[in-house]
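Please take a moment to look over the chain before reading on, and keep the view open so that each part can be found as it is named.

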Amino acid sequence: CPHLTKLLVVVTASGGGLIAYSEGKPLVTRAAYADAGNEERKKKVVVLGTGWAGTSFLKSLKDPNYEIQVVSPRNYFAFTPLLPSVTCGSVEARSVVEPIRNIVKKKKYDAEFREAECYKIDTQNKKVICKPGQANSLGKSEEFTVDYDYLVIAMGARSNTFNTPGVVEHAHFLKEVEDAQRIRRSVIDCFERANLPSISEEERKRILHFVIVGGGPTGVEFAAELHDFVNKDLTRLYPALKKYVRITLLEAGDHILNMFDKRITEFAEEKFQRDGINLKTGSMVVKVSDKEIFTKARGAASPEATPYGMVVWSTGIGTRPVIMDFMKQIGQINRRVLATDEWLRVEGCDGVYALGDCATINQRRVMEDIDDIFGKADKNKGGHLSAADFNEVINDICERYPQVEIYLKRKQLKNFIQLLKTSAEDDELDIEKFKKALSEVDSQMKNLPATAQVAAQQGAYLADCFNRMEICERDPEGPMRFRGSGRHRFHPFRYKHLGQFAPLGGEQTAAQLPGDWVSIGYSTQWLWYSVYVSKLVSWRTRMLVIGDWSRRFIFGRDSSRI
Ligand code: FAD
């Protein structure tokens, strides 16, 4: 029968709405398939972590045909950009968190949350082994396993101490909500202790010396918050102590905020100097004891000891032990974070994705892939490409590797174009010279930054892929495969940089917006308020944060030690 011979049926067993197609048109719906007595199993997706990446994934996932299990030691999402404000009571801790159950209960898919820590990933048997979080733990016997079809690893990172002795024992970190609460209590503690009559002058000076290690955005923001808290609120309440208070910011590099535009760095350094924040650059912390911090200036023979009352350590992020263990297991040795491809898949592990601070897109393959692109574009052109071919190649590379595009758009573009121009002959480009130039770009290309922006965009991207899994199975939309045939199912992940803020205290903020547009001052602080409110995860937290800010404007920060 001609109709029958034309009938091409594709039956898929994965979780979408339609399960059979004839020449691209639906033949049987998933419901009809299930009604006919065919048992159909929903794909199990296990999400590890309820931070920026995990939550963004859960918020953006729409397909009801997945069974979701979320495992995380915290049963809430925390809006980390406002944590420095929590340390000084500008915003309350509960205002920046949203219970994860609130987030998933509004979704169409079935979701279960387990407050637990994953401590082993078994990719061979497709399961993760978990134990209850510290608060619920009654012993090892409570371990449990969770099976998965797809695993989304979004476990973030931990604070990095660079194995500096004494840091874990004596310094505060600023990574979690609990850290921010501890810092808040500790600041007030220092003031109350210094106010005791039995304390000597020398001891009072020590107790009221606050040291911040790390001149990145978090360290700088905390220093600015602390300065405001001390100067606007605490010195009003403890006027006799004002003359003893000192804030020191230590940075091993030459400048603070070195990932920002030079204008922002200069403005921040000058502002801190005016505010009386003691900024020490080129100063490496080598040890922390209970009362002294030991720093070594560049070129100095021996470390210098400085008495302190409180140290906050904010020098970047390190790998969680469970991730380290997993990397060893899958042969990713000597790496800081998990390597994925541009589709966020962990290389060599079926159905495993990694996103956020615990992962990075593997850059080592860039040059290999570029070789392949050239191989295909070059064909028999004897090593020379026309400008049109060249454009196509550049587009292809940029489609695969957003970092190349980001790099090309930055200032170095001028030098790069110059290099290309010198290698061009009569509207043609010498491939070898171009590849050499590109390899320079490659060696300078940085991994995507470990920020909430990257994590959230990756979570949303992956959820979108999961939502369209079947459609894209049928009609792949990604670029051609370099190795193998056909197209990739999805477009690779592309990061869109939306800009970055650096609050500097005194109602002033610096912002570096796309296109290297820089804005600094009081009006930027209002931009900061509006952007952060809009980015908060729910209307509940928005109302709470606006309430906290209004309270602070009217009554100041609360200095009770509770
Ligand atoms: P996280 O958000 O850290 O989430 C990790 C999740 O994994 C958590 O829920 C954790 O409980 C869970 N987890 C941990 N261990 C396990 C385990 N064993 N099993 C299961 N789950 C586990 N970025 C910006 O873009 N802008 C900012 O202004 C900004 N400000 C910041 C301020 C501070 C104080 C801090 C600390 C960070 C800031 N960041 C900012 C960075 C941003 O918070 C991180 O890049 C982002 O949180 C990374 O998201 P993630 O989902 O990878 O990790």
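The paragraphs below go through a sheet, a helix, a loop and several salt bridges in turn, and the model they describe is a predicted one.

We can begin with the sheet. Strands of a sheet pair through backbone hydrogen bonds, and they may do so in a parallel or an antiparallel way. Here five strands form an open sheet in the order E13-E20-E14-E15-E16, and their pairing is parallel. Strand E13 (172-173) and strand E16 (278-281) stand at the edges, and because each has a single partner strand, one side of each is left without a neighbour in the sheet. The partner of E16 can be followed in more detail, since strand E15, made of residues 246-251, pairs with E16 in the parallel sense over four bridges. Within this pairing, Leu249 stands opposite Leu279 in E16.

From the sheet we can turn to helix H10, which runs over residues 262-275. Its 14 residues, at 1.5 Å a residue, should span 20 Å, and because the C-alpha atoms at its ends are 20 Å apart, the expected and the computed span agree. Which residues of H10 are buried? They are Ile264, Thr265, Ala268, Glu269, Lys271 and Phe272, and they cover an arc of only 165 degrees around the axis, which means that they sit on the same side of H10. On the other side of the helix, Lys262, Gln273 and Arg274 are exposed. The buried residues are covered by several elements, including E15 and E16 from the sheet just described, helix H9 (217-237), and the strands E28 (500-505), E29 (508-513) and E30 (517-521). At the start of H10, a side-chain oxygen of Asp261 reaches to within 2.9 Å of the backbone nitrogen of Arg263, while just after the helix Gly276 takes a positive phi of about 85 degrees.

A contact from a side chain to a backbone nitrogen is also found in a loop. Asp63 lies between helix H3 (52-60) and strand E5 (66-72), and its side chain reaches the backbone nitrogen of Asn65 at 2.8 Å. Is Asp63 buried or exposed? Because its relative accessibility is 9%, and buried means under 20%, Asp63 counts as buried.

The last topic is the salt bridges, of which the structure holds 24. One of them joins Lys126 and Asp350, whose closest N and O atoms are 3.3 Å apart. Lys126 lies in the loop between strand E8 (110-122) and strand E9 (127-132), whereas Asp350 lies in the loop between strand E22 (338-340) and strand E23 (352-354), so this pair ties together parts that are 224 residues apart in sequence. With a relative accessible area of 22%, Lys126 is partly exposed, but Asp350, at 60%, counts as exposed.

Another salt bridge is found within helix H9, where Lys232 and Asp228 lie four residues apart, about one turn of the helix. The closest N and O atoms of this pair are 3.9 Å apart. Lys232 counts as partly exposed at 40% relative accessibility, whereas Asp228, at 9%, counts as buried.

A further pair is Asp464 and Arg468, with the closest N and O atoms 3.2 Å apart; Asp464 is partly exposed, with a relative accessible area of 34%, and Arg468 also counts as partly exposed, at 22%. Finally, salt bridges that share partners join Glu92, Arg184, Asp548 and Arg551 into one network.

Methods: Residues numbered from 1 in each chain as written. Predicted model: local features only at pLDDT ≥ 70, side-chain atom pairs only at ≥ 80, totals over all residues. Heavy atoms only, no water. Helix = DSSP H or I, 4+ residues; strand = E, 2+ residues; numbered from the N terminus. Buried < 20%, exposed > 50% of the residue type's maximum accessible area, 1.4 Å probe, protein only. Polar contact = N/O pair within 3.5 Å; in protein donor to acceptor, adjacent residues only side chain to side chain. Pairing = 2+ DSSP bridges. Expected span 1.5 Å × (residues − 1). Arc of directions from axis to C-beta. Contact = heavy atoms within 4.5 Å. Salt bridge = Lys/Arg side-chain N within 4 Å of Asp/Glu carboxyl O.
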